[in-house]
Amino acid sequence: MRVYWLGISELEKGTRKRTGVLTMDVKNAFNSAPWLDTMNALRGKEVPLYLCRLVDDYISDRRIIYEADGQRAEVKLTCGVPQGSVLGPTLWNVLYDDLLRVPLPEGVEYLAFADDVALVATAKDAYELEEKLTVAAERVSSWLESTGLKLAVHKSEVVVITRKRKNNDIKVTIKGTQIKSSRSIKYLGIQIDDKMMYTEHARTVATKAGNTLNNLARIMPNLSAAKQKRRRLLAGVIQSQLLYGAEAWAEDMSQEGWKQLGRVQRKAALRVACAYRTVSKEAIMVVSGIIPIDILALERHRCYAQRKGEQEPPDPGEPQQTAMDQWQEKWEATNETEGRIWTRRLIRDVREWTGRRHGEVDFHITQALTGHGCFARYLHRFGLLDDACCWFCGNTNDDPHHTFFKCDAWDNKRRELNMTIGEEVTADNMVSNMLHSKAKWNAISNYIHHVLTRKENEERRRKGLPVV
């Protein structure tokens, strides 16, 4: 993908050039590779004669036997690389290597992976760009025809990458068919737009991942028996879809694109933590232990750039900031809204929280950590209650702090909890105690479950619903 960045970098340096990318699709590529041309390509690369004979024997005399209308029939094969075999990709590369040696006009380069070929050209204006890509496309098409392969012209796409706003439309002619430039094209699963901001790519993958999430949501509702580990495993499917190709687009992704990706990741995190959908993105990412998508993507890009030598590795004596460090900084700088203040008061260090070796969050624990749940203040805030008074003691502000640490209704349970923990449990030490040991996690978890179950039953009774 590095070749795509060349056009933008040149524009930024003031060369005022446009970059055009033309993708070309070979019709039924792997099944159409002629054996004769494959063998000629092997000989042309001076492969030893005994290996050529071995390959010739391997691909020759192949047949497809099938039944039609109760009768057995067979078709003799004369082309195609054996798909699914170890040798198949190598034979294809040997044949296709000759295409990449076809000379192109100055300023035009190949970009190829397997059978996906793209032509990347730079020029001062749209007219020159159109001419270069047309000449290059004709040469590629002619080579394909001479080799027995066919170009699916109707699948070809072209985009002009430039910061300029006018005169960016071009038409590339291939065998009499005109291909008009579009605002974005798809290559190797990545949507490349004319401004190299990848907004369309984010929208495309977010839609795909969102559909996957909707399907997975049916098997992991908030009150199901699925544990957090299983939920995170399913959410990993969503994350993989969102991060596809991040090494190429992370550094240039637009703010709108990050929002698109972040929305889907937030929905997945809500499912992982069994949270109310009103919980903020920042809070739910911490509670669920899922690193925000922008930090993950940029981390992948940085690691890839260092491996390729495009970015200097950190000095051995200098500590490198990790993704978790960046997340911690982002968490500390989060805007102070009511829900975020409460969650940040409980979970101060995301590294300690996500690095724990015991304890899983669930529907009730998430309510306690986010303040979004069966609390009169929360229900009143969203118009579900007339006031924020506690149902059990009459306090005028029934928020999570009052519920778990002040309400008279739970004095006996709190005393039992404090004796088990060995100190008075407060909002400032609750999470640190939970992280201290599995026994303390379970003790606090049981207390939270007891309190919220009683509150939920009271809410049901007030609504005239059967108590669980």
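# Close-up views of a predicted model

**View A. A salt bridge within helix H19.** Arg 414 and Asp 411 are joined by a salt bridge in which the closest N and O atoms lie 2.6 Å apart. The coordinates shown here and in the views that follow belong to a predicted model. Arg 414 and Asp 411 are three residues apart in helix H19, so about one helical turn separates them. Arg 414 is buried, because its relative accessible area of 10% falls under the 20% limit, whereas Asp 411, with a relative accessible area of 28%, is partly exposed. A further group of charged residues can be followed elsewhere in the chain, where salt bridges that share partners join Lys 45, Asp 97, Asp 98 and Arg 101 into one network.

**View B. A salt bridge between helices H13 and H15.** The structure holds 22 salt bridges, and one of them is formed by Asp 325 with Arg 351, whose closest N and O atoms are 3.0 Å apart. Asp 325 lies in helix H13 (residues 323-332) and Arg 351 in helix H15 (residues 350-354), so this pair ties together parts of the chain that are 26 residues apart in sequence. Both ends of the bridge are partly exposed, Asp 325 having a relative accessible area of 24% and Arg 351 a relative accessible area of 35%.

**View C. A salt bridge between two loops.** The side chains of Arg 348 and Asp 428 meet in a salt bridge, with a distance of 3.2 Å from N to O. Here distant parts of the chain are linked, since Arg 348 is in the loop between helix H14 (338-346) and H15, while Asp 428, 80 residues apart from Arg 348, is in the loop between helix H19 (411-421) and helix H20 (430-436). Arg 348 counts as partly exposed at 45% relative accessibility, and Asp 428 is likewise partly exposed, with a relative accessible area of 39%.

**View D. The open sheet of four strands.** The strands of this open sheet follow the order E4-E5-E1-E6, and their pairing is antiparallel. E4 and E6 are the edge strands, each of them pairing on one side only. On average, and with direction ignored, neighbouring strands of this sheet are turned by 20 degrees against each other. Helix H6 (residues 126-147) lies across E1, E4, E5 and E6, and runs at about 150 degrees to E5.

**View E. Strand E1 and its two partners.** Strand E1 (residues 18-25) is mostly covered, with seven of its eight residues buried. Its antiparallel pairing with strand E5 (residues 116-123) extends over eight bridges, and within this pairing Leu 22 stands opposite Leu 119 in E5. With strand E6 (residues 157-161), E1 pairs in the antiparallel sense over five bridges. Two positions along this second pairing can be followed in the view: Val 21 stands opposite Val 159 in E6, and the bridge partner of Thr 23 in E6 is Glu 157.

**View F. The hairpin of strands E7 and E8.** Strand E7 (residues 171-174) and strand E8 (residues 177-180) pair in the antiparallel sense over four bridges, and in E8 the bridge partner of Ile 174 is Thr 177. The hairpin has two residues between the strands, and Lys 175 takes a positive phi near 50 degrees in it. The side chains of E7 alternate along the strand: Val 172 and Ile 174 point to one face and are buried, while Lys 171 and Thr 173 point to the other face and are not buried.

**View G. A nonpolar patch on the surface.** Tyr 50, Leu 51 and Leu 54 form a nonpolar patch on the surface, and together they have about 330 Å² of accessible area. Leu 54, one of these residues, has its place in helix H4 (residues 49-59). Leu 54 counts as exposed because its relative accessibility of 55% is over the 50% limit.

**View H. Pro 103 in a loop.** Pro 103 is found in the loop between helix H5 (88-97) and strand E4 (108-113), and counts as exposed at 59% relative accessibility. The C-alpha atoms of Pro 103 and Arg 18, two residues that are 85 residues apart along the chain, are separated by 21 Å.

Definitions and conventions:
Residues are numbered from 1 along each chain as its sequence is written. This is a predicted model: local features need pLDDT of at least 70, side-chain atom pairs count only at pLDDT 80 or more; totals for chains, interfaces and linings use all residues. Side-chain values use heavy atoms; hydrogens and water are left out. Buried means under 20% relative accessible area, exposed over 50%, partly exposed in between (1.4 Å probe, protein chains only). Two strands pair if DSSP finds at least two bridges between them. Patches are made of residues with over 30% relative accessible area and no salt bridge: like charges are joined within 9 Å, nonpolar side chains (Val, Leu, Ile, Met, Phe, Trp, Tyr) within 5 Å. Accessible areas come from the Shrake-Rupley method with a 1.4 Å probe; for residues, only the protein chains shown count as cover. A salt bridge is a side-chain nitrogen of Lys or Arg within 4 Å of a carboxyl oxygen of Asp or Glu. Axes are lines fitted to C-alpha atoms, for helices over the stretch in contact, and angles run from 0 to 180 degrees between N-to-C directions. Contact means heavy atoms within 4.5 Å.
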